[in-house]
Amino acid sequence: MNLTTNPKLIFGLAATLITAVTASNVATAQQREVDYVVGENVFNCSTTKHRSIGSYDCRPAGDRTPRIKRLPFIDTQTGAKTLEEVPGSLNVLCDQYGCATISNQPGFPKGTMMGKGANGYFIVESGWYLGYDSNGHTTAYRGDVGPDRGDAPYEPLVNIAKYGTDACYDDAVNAIESRTGAPLEEYYMIRQILEECGLPTQ
């Protein structure tokens, strides 16, 4: 994996992209608690490869992710701030050195660091990076939150002991509905629970 440093970095990802090569875990005592909202600022990567892409999907909206996004960038050499159009999704390869883009894309030269994760190919939404949740599962974090920003890792919604079962899904849904007092209808939350339970999302 050829690693490069992009002179133009997304505001929220600057720390992530700069430190990813030598990323180390922040001591638990120093980590801040953050209000993670599934689909909004955190999403566990799929446990099965995407049927047509052949990568593990880490995008909250999956195939509904916009093809193009406009993201704020800052040029680290000049300090100039711009709003640029970039691909909505990025293909990355993770290995022992971290996760990096595998092709040249506007705003993301080949080898741009995108965090860290289990070995393999992943697809992540632009403006997000990869890290681990509290169980060590590869997880996508929005650029302004997560372990690489000093936050505690995301704690999954499901009972890992029932991973891969309908009971796992039912327990997670029941727990959420009992807290909110309303039926769970949020697409991203339902997809996240299915992913975390190891159940099909289609």
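## Exercises on a predicted model

F122 is in contact with C45, S55, Y56, C58, L90, N91, V92, C94, L130 and T138, leaving aside residues up to four places away in sequence. The model is predicted, and the exercises below start from this residue.

**Exercise 1.** Determine which nonpolar core residues have the most contacts inside the core, and which elements supply the core.

*Solution.*
1. The largest nonpolar core has 34 residues.
2. Those with the most contacts inside it are V92, F122, V124, L130, Y141 and I193.
3. Two of these, V92 and L130, also appear in the list of residues touched by F122.
4. At least two core residues come from each of β2 (42–44), β4 (68–75), β6, β8 (120–125), β9, β10 (138–142), α2 (166–180) and α3 (187–197).
5. As a general background, nonpolar side chains in soluble globular proteins tend to be buried together.

**Exercise 2.** Establish the strand order of the open sheet that contains β8, and identify its edges.

*Solution.*
1. The sheet has four strands, in the order β3-β8-β6-β7, with mixed pairing.
2. β3 (56–57) and β7 pair on one side only, and are therefore the edge strands.
3. Between β6 and β8, which run antiparallel, there are six bridges; within β8, I123 is the bridge partner of N91.
4. β6 (residues 89–95) also pairs with β7 in the antiparallel sense, over four bridges.
5. The connection from β6 to β7 is a hairpin through two residues, and C94 has C99 of β7 as its bridge partner.

**Exercise 3.** Decide whether the two faces of edge strand β7 are covered or exposed.

*Solution.*
1. β7 spans residues 98–101.
2. On one side lie G98 and A100, and on the other C99 and T101.
3. These four residues are all buried, and both faces of β7 are covered.
4. For the protein, buried residues make up 45% of the 202 residues.

**Exercise 4.** Find where the predicted coordinates call for caution, given the pLDDT values.

*Solution.*
1. The protein has a mean pLDDT of 81, and 81% of its residues reach 70 or more.
2. Among the elements, helix α1 (residues 14–19) has the lowest mean pLDDT, 35, whereas strand β9 (residues 128–132) has the highest, 97.
3. Over residues 14–29 pLDDT stays under 50; the model has 21 contacts beyond four places in sequence for this stretch.
4. Where pLDDT is low, predicted coordinates should not be read in detail.

Note on methods: Residues numbered from 1 in each chain as written. Predicted model: local features only at pLDDT ≥ 70, side-chain atom pairs only at ≥ 80, totals over all residues. Heavy atoms only, no water. Buried < 20%, exposed > 50% of the residue type's maximum accessible area, 1.4 Å probe, protein only. pLDDT = per-residue confidence, 0-100. Contact = heavy atoms within 4.5 Å. Core = buried A, V, L, I, M, F, W, Y, C linked by side-chain atoms within 4.5 Å.
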